[in-house]
Amino acid sequence: MTGGFVRAARALDAPGLARVQVASWRESFAGLVPEAVIAELASEDAVSQFTETWERAISAPPTSKHRIHVAIAKPGEPEILGFAAAGPATDEDLWPGTDGELYELHVLPALADEGHNGRLLNAVADTFTEDGFSTGYTWALAGDANRIEFLEAAGWAPDGSRTSLDMGVKVPAVRLHTRLSPAT
């Protein structure tokens, strides 16, 4: 594990978020999603759309509880090494007043073992607690053993909910959760 820092995302970080997201997807989707889908997600048009989406999400989040954190090597460093996006839970069986959701967590694959995932996850947990969420949820592709193993090592566990994403083929996903504070 090497050093690094986490800070709130800024609008100018949007191209870096899109770049990290695509690199992460290439790695984690390999063998789980058709190569044609991965190529489409990594196209110039897609990256441009992702950049615009991230810029809007950073500049005008839907609520004050929607947060995006970025991992950087050192303060003032412009290169985005990873990011996490989180906010109120979106699943119908959860309550967005007390349930937070980790929407995205991506780190450049070459830096996966340098501690950025953990720093980002800790930042999300801290802001979940600040925002009054008592439980955190996230979805992971069922075949993404590395992500599930990382989350389980950090105290997350499958909650029994499953779905399938339609990505040219049905890709199974599992929901994980973690308790952030004692039940009241």
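**View 1. Gly-136 of strand 5 has Thr-178 as its bridge partner in strand 7.** In this predicted model, local features need pLDDT of at least 70 and side-chain atom pairs count only at pLDDT 80 or more, whereas totals for chains, interfaces and linings use all residues. Residues are numbered from 1 along each chain as its sequence is written, and side-chain values use heavy atoms, with hydrogens and water left out. Strand 5 and strand 7 run antiparallel and are joined by seven bridges; two strands are taken to pair if DSSP finds at least two bridges between them. Helices (H or I, at least four residues) and strands (E, at least two) are DSSP runs that are numbered from the N terminus.

**View 2. Strand 6 and strand 7 form a hairpin.** Three residues lie between the two strands, and Gly-168 in the turn has a positive phi of about 90°. The strands of this hairpin run antiparallel and are joined by seven bridges, and Arg-162 has Val-174 of strand 7 as its bridge partner.

**View 3. Seven strands make up an open sheet with mixed pairing.** The order of the strands is 1-2-3-4-5-7-6, and the edges are formed by strand 1 (5-8) and strand 6 (157-166), each of which pairs on one side only. On average, neighbouring strands of this sheet are turned by 25° against each other, direction ignored; the axes are lines fitted to C-alpha atoms, for helices over the stretch in contact, and angles run from 0 to 180 degrees between N-to-C directions. Within the sheet, strand 2 (residues 67-72) pairs with strand 3 (residues 82-88) in the antiparallel sense over five bridges, and Ala-71 stands opposite Gly-82 of strand 3.

**View 4. Helix 4 and helix 5 lie across strands of the protein.** Helix 4 (residues 116-130) lies across strand 1, strand 2, strand 3, strand 4 (99-107) and strand 5 (135-141), and runs at about 160° to strand 4. Helix 5 (residues 145-153) lies across strand 4, strand 5, strand 6 and strand 7 (170-179), running at about 160° to strand 5. Contact here means heavy atoms within 4.5 Å.

**View 5. The largest pocket has a volume of about 660 Å³.** On a 1 Å grid over the protein atoms alone, a pocket is an open set of points where a 1.4 Å probe fits, with protein on both sides within 12 Å along at least five of seven lines, and lining residues have an atom within 4 Å of a point. Grid points are joined across faces, edges and corners, and a volume is the space filled by probe spheres set on the points. The lining of the largest pocket comprises 22 residues, of which Ala-112, Asn-117, Asn-146, Arg-147 and Phe-150 lie nearest the centre. At least two lining residues come from each of helix 1 (14-29), strand 4, helix 4 and helix 5, and helix 5 supplies the largest share, five residues. By class, the lining has eight nonpolar, eight polar and six charged residues, where Ala, Val, Leu, Ile, Met, Phe, Trp, Tyr, Cys and Pro count as nonpolar, Asp, Glu, Lys and Arg as charged, and the others, Gly among them, as polar.

**View 6. The second largest pocket has a volume of about 460 Å³.** Of the 20 residues that line this pocket, Trp-25, Tyr-103, Glu-104, Trp-139 and Leu-165 lie nearest its centre. Helix 1, strand 4, strand 5, helix 5 and strand 6 are the elements that give two or more residues to this lining, and strand 4 gives the most, with six residues. The lining of the second largest pocket divides into twelve nonpolar, four polar and four charged residues.
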